[in-house]
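Welcome, and take a moment to look over the molecule before reading on. The notes below go through it topic by topic.

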Amino acid sequence: MKASNYILPTAKEDPADAVVASHKLMIRAGLVRKSSAGLYNYLPMGLRVLRKIEKIIREEMDASGALEFELPILTPAELWIESGRWELMGKEMFRQKDRHDAEYSLGPTHEESFTSLLKPILKSYKDLPVNVYQIRAKFRDEIRPRFGVIRSREFTMKDAYSFHPDDASLNLTYELMRKVYRKIFSRCGLNTIPVQADSGSMGGSGSEEFMVISPIGEETLALCEKCGYSGNVEKTQVIFKNSGQQEKLSPYEKISTPGKKTINEVAEFTGTIPENTIKSVMYKSDNKENIIVFIRGDREVNEVKLKNFLKSLDLRTLSNEECNSIGCVPGFTGPTIPEKKEYKIIFDTSINPQTAYVTGANETDFHLKFFVPGRDMSFKPETIDLSLASKNDPCPNCSSPLDTQKGIEVGHIFKLGDKYTKAFDFKVSDKNGKQLIPIMGTYGIGVNRTMATIIEQSNDSKGIVWPISVSPFEVSLVSITKGVEELSRIEKIYQYLVQNGIDVFWDDRDLGPGFKFKDSEIVGFPVRLTLGKNFFQDSTFSILNRKSGEEKTSVFLSNEKLLEEINILRKELFFSLEKNN
Ligand SMILES: Nc1ncnc2c1ncn2[C@@H]1O[C@H](COP(=O)(O)OP(=O)(O)OP(=O)(O)O)[C@@H](O)[C@H]1O
Ligand SMILES: [Mg+2]
Ligand SMILES: [Zn+2]
């Protein structure tokens, strides 16, 4: 491809609305342009990256035996009503009416579509297992689209769905997909960590997210160096070693704490530390149940664990008015609150029944001191693990202190169980001619998010540094000459390279070398071949390794030798991707 025929609007300035490197660089390198909130146009250079990632995904999915499909993006409401998700998806789902007033959704995911498509096709256990997939646009009306294509409202997803007669079969495909994902991401030059993830309150028995460690990640991962445990903090079990009875604990007393509402204020005022306080957090579940959670003052409630426990899909904190209306005193609610039908009381395991705490007295401007839950409560509260795991918590496997890191989720694999097959009354006959409900797995990869995440992981002050496997072109050819004859010599070399399978972008424009080098660097081609003044004066050319910055100058002997030099570096770069595998 020649730059003179191309559209490559590179820019010096960062776009005003971009806060992360990948977003800035995708715009500045002329890969994408914003259309409107959370919607992006792909320009030719950006599209090539997307297509290369898709190609890697397709090759690996096909090699694993998965079958590619293409289903409509517009999905009829009936499908979603049948699964119960027409309501559940809420505002995140884009909805559309046709001329007859029939309702549709722009598919945010395709469990319903694939299940209803395959139900009349798969009839016997002999037809199972199958793994089907597509690479297709998805639409989600995200509350906060951000970070460019990392969280957008239209994006390309590889979504796969597998159908099985039993758990053993599902487990095999799940494990296979796990391997396939690692291969896909490492071929894309991405280091991913599969982490244990929440499988939700609605069935599902196992789930892992493929995370890329990054300070801009929206997820927090708990990692154990000792045993290799990795989990989303939402999923990670927190185990507290509660000590036994302390000696000579004074009876609790009520103390005046005027205006001290936050844990830090209360702890400071009473001369203790947050760890020795109990705080309350009040929630409403989706079935309108009120819940009062008591948790140690230094801990945060893990709302995912709470949702799962309550089998609630939604959860929100109560307003002060709502707290008052059920007889709680906001900021001063404590464990002496009586049991009532208006609310459910839950304790987190961080609270040691035998320890003396400072906690709310259920009276404005008063707290209790020396409150020992195991001694002073009039009832034994339900106690479960509701803490969000944090740095230095003991690993749930081996008790070593956990580390935490931010991560970007690029893929997700999930054992779904029979949720959708059951909803669609999907049955196949088993060995004995009886009917069985197949179980499913689902496996997603965000293609655009993967592209942006690669940039997050691989860039420098000059621009993007593409892993060779996904670079829009593998080689950039920068020529520096205006002479007609000289240009035609370079044209011949360019044609030779193209004919010999080199994916090359020739900057043949009538521009200065500085400008061309800058463009080549910001777009991030891994290999740069320069045919400049020296080429015509003393027959030398240079090949730059964008990543290492090493530039090698050689004497031009023949097209074959030049090709050989390029291929040496190309192979080295591909090899280094495999090595990371
Ligand atoms: N709004 C989005 N923009 C770009 N990619 C997305 C978006 N939402 C999800 N993805 C990608 O699709 C993959 C599969 O979708 P899935 O439904 O598992 O995501 P999700 O759990 O909603 O992700 P998130 O927690 O980031 O919202 C994700 O792993 C991610 O790579
Ligand atoms: Mg989401
Ligand atoms: Zn461990």
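A residue counts as buried under 20% relative accessible area, as exposed over 50%, and as partly exposed in between, using a 1.4 Å probe and protein chains only. By that yardstick, 52% of the 581 residues in the protein chain are buried. This is a predicted model, in which local features need pLDDT of at least 70 and side-chain atom pairs count only at pLDDT 80 or more, while totals for chains, interfaces and linings use all residues. Residues are numbered from 1 along each chain as its sequence is written, chains are lettered from A and ligands numbered from 1 in the order in which they are written, and side-chain values use heavy atoms, with hydrogens and water left out.

**The chain as a whole**
- The protein chain holds 16 helices and 31 strands; these are DSSP runs numbered from the N terminus, with helices (H or I) of at least four residues and strands (E) of at least two.
- Its C-alpha trace spans about 95 × 65 × 50 Å along the principal axes.

**The zinc site**
- Cys224, Cys227, Cys395 and Cys398 each offer an SG atom to the zinc ion (ligand 3), lying 2.3 Å from it.
- Donors here are N, O and S atoms within 2.8 Å of the metal (3.2 Å for Na, K and Ca); water is not among the atoms, so sites may look incomplete.
- The angles between the four donor atoms run from 100 to 115 degrees, so the arrangement around the zinc ion is tetrahedral, a label given to four donors if all angles lie between 85 and 135 degrees.
- For comparison, ideal angles are 109.5 degrees for four tetrahedral donors.
- Along the sequence, the donor residues follow the spacing C-x2-C-x167-C-x2-C.
- Cysteine 224 counts as buried because its relative accessibility is 5%, whereas cysteine 227, at 38%, counts as partly exposed.

**The surroundings of ligand 1**
- Ligand 1 is surrounded by 15 residues, each with a heavy atom within 4 Å of it; the closest are Arg140, Glu142, Arg151, Ser152 and Glu409.
- Strand E8 (154-164) and strand E21 (403-417) each supply at least two residues of this shell, and E21 gives the largest share, four residues.
- An N or O atom in the side chain of arginine 140 is 2.9 Å from an oxygen atom of ligand 1.
- For a polar side-chain atom of arginine 151, the distance to an oxygen atom of ligand 1 is 2.7 Å.
- In glutamate 409, a side-chain N or O atom is 2.6 Å from an oxygen atom of ligand 1.

Technical notes:
Tetrahedral: all angles 85-135°; square planar, octahedral: opposite > 155°, others 65-115°. Polar contact = N/O pair within 3.5 Å; in protein donor to acceptor, adjacent residues only side chain to side chain.
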